[in-house]
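Please work through the exercises below with the sequence and the model open beside you. Each begins with a task and continues with a solution in steps.

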Amino acid sequence: MKEYLETHNTQLEAIVALIRGELTPRERHKLKILTIIDIHARDTIDGFVQDGVCDSQEFKWERQLRFYWLKEFDNIVVVQCGGRFMYGYEYVGLTSRLVMTPQTDRIYLAITQALTLNLSVALEGGAGTGKTEIIKDLAKTMALLCVVTNCGHGLDYPAFTAILCGLVQCGVWGCFDEFNRIDIALLNVLSTRLQAIRSALVMKTFHLIVSFCNLHYYYLHTSPHTQPPLVLHIQ
C-alpha cells in the first residue's frame, strides 16, 4: 500500500506539471477534474496506510465507492458496502466535479445504502451548503441523469405526478429542491404516490397505474443487482 501511495503521488505530480504547461482550455479543464479525483484517491490511500488497512473485507475499504467490471454481466458495477448498482452510461460531458471531502463520502454512503433499501433520501441543511450539488455529483459519478426540480407554491399535484411519470419511465434520478415549500395539504397526496412507487420497486412490478397516466417501470438491466430509479428529496 505504501508503494502504491508513492506511485500515486508521482502520477499526481505529473498531472500538476501538465497543468502548468501550455494547454487548450478544454485540456486544462479535463486535467483539473482528474486532479480533483486523484487528490481524493490519494487522501483515501494515505488513510489506508495510516490505519493499516490491507484487507478488502475491512469496512474502511468497503465504504469506498468502487467500480468493477464483471465478466458475467459484461458490464460495470458500482459497489459501496452492500449496495450494487449498474453503471448508467449517461453522457455527462466535460463538466465540473465537486471537491470530495470526508463529509461528502459519508453522504454518498448514506445515499447508496438508502437506494439499496428502495428508499428515498432527504438532505437537510442551510442554503448554499451543497446539498443539491452532492446529489448531482453522485449521479455524474454513476453516469446517471439527474433532473432537478425546484419545489414552490406553484407546484401542484398534477404537475408533481407528471414529473414522477417521466422520472419512472426514463429511469433517471429526480432531485426535488426546497421540498419543504410544498403545501401541507399536498404532501399527503404526494406521499401516497411515492409509496406506490416504492411498493412497485419492492415487488418488482413493471406496470403501475395512477389517476391520469400509466407509470411503466423499465429496468435498465436484468441482473439480480439492478437498482431501479428512485426519487431523491432534498429539504
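Helices (H or I, at least four residues) and strands (E, at least two) are DSSP runs, numbered from the N terminus. This is a predicted model, in which local features need pLDDT of at least 70 and side-chain atom pairs count only at pLDDT 80 or more, while totals for chains, interfaces and linings use all residues. Residues are numbered from 1 along each chain as its sequence is written, and side-chain values use heavy atoms, with hydrogens and water left out.

**Exercise 1. Confidence and overall make-up**

Establish where in the chain confidence is lowest and where it is highest.

Solution. Begin with pLDDT, the predictor's confidence in each residue, from 0 to 100. The chain has a mean pLDDT of 80, with 87% of its residues at 70 or more. Strand S1 (residues 66–70) has the highest confidence, at a mean of 91, whereas strand S9 (residues 231–234) has the lowest, at 45. Next, consider residues 212–235, over which pLDDT stays under 50, although the model has 102 contacts for them beyond four places in sequence; a contact means heavy atoms within 4.5 Å.

Finally, set out the whole chain, which has 7 helices and 9 strands. Of its 235 residues, 39% are buried, where buried means under 20% relative accessible area, exposed over 50%, and partly exposed in between (1.4 Å probe, protein chains only). Among contacts with a separation of 6 or more, 65% join residues 24 or more positions apart.

**Exercise 2. The two sides of helix H1**

Check the length of helix H1 (residues 2–19) against 1.5 Å a residue, and then determine which of its residues are buried.

Solution. The expected span of a helix is 1.5 Å times one less than its number of residues. For the 18 residues of H1 this gives 26 Å, and the end C-alpha atoms are 26 Å apart, which agrees. The buried residues of H1 are Leu-5, His-8, Leu-12, Ile-15 and Ile-19. Seen down the axis of H1, they fall within an arc of 80 degrees (taken from the directions from the helix axis to the C-beta atoms), so they line one face of the helix. As background, an α-helix has 3.6 residues a turn, so residues three or four places apart point the same way. The buried residues of H1 pack against helix H2 (25–51), while the face turned away from the buried side carries the exposed residues Glu-3, Glu-6 and Glu-13.

**Exercise 3. The nonpolar cores**

Find which elements each supply at least two residues of the largest nonpolar core.

Solution. A nonpolar core is a set of buried Ala, Val, Leu, Ile, Met, Phe, Trp, Tyr and Cys residues joined through side-chain atoms within 4.5 Å. The largest has 18 residues, and those with the most contacts inside it are Ile-111, Ile-135, Leu-138, Met-142, Cys-146 and Trp-173. Helix H4 (102–116), helix H5 (131–141) and strand S6 (173–177) each supply at least two of its residues, and H4 gives the most, with 5. Not counting residues up to four places away in sequence, Ile-111 touches Val-121, Ile-135 and Leu-138. A second, separate core has 14 residues, including Phe-176, Phe-179, Ile-182 and Leu-186.

Leu-186 is also one of the buried residues of H7, among them Leu-190, Arg-193 and Leu-194. The 20 residues of helix H7 (residues 184–203) should span 28 Å at 1.5 Å a residue, and the end C-alpha atoms are 29 Å apart, which agrees.

**Exercise 4. Positive phi values**

Compare Asp-74 with Asn-118: where does each lie, and is each buried or exposed?

Solution. Asp-74 lies in the loop between S1 and strand S2 (75–80), and its phi is near 50 degrees, a positive value in a residue other than glycine. With a relative accessible area of 53%, Asp-74 is exposed. Asp-74 is also in contact with Trp-69, as are Asn-75, Ile-76 and Tyr-89, leaving aside neighbours of Trp-69 within four places in sequence; Trp-69 itself is found in strand S1.

Asn-118 comes just after H4 and takes a positive phi of about 60 degrees. Its place is in the loop between H4 and strand S4 (122–123). At 15% relative accessibility, Asn-118 counts as buried. For a further case, look at Lys-204, which follows H7 and has a positive phi near 55 degrees.
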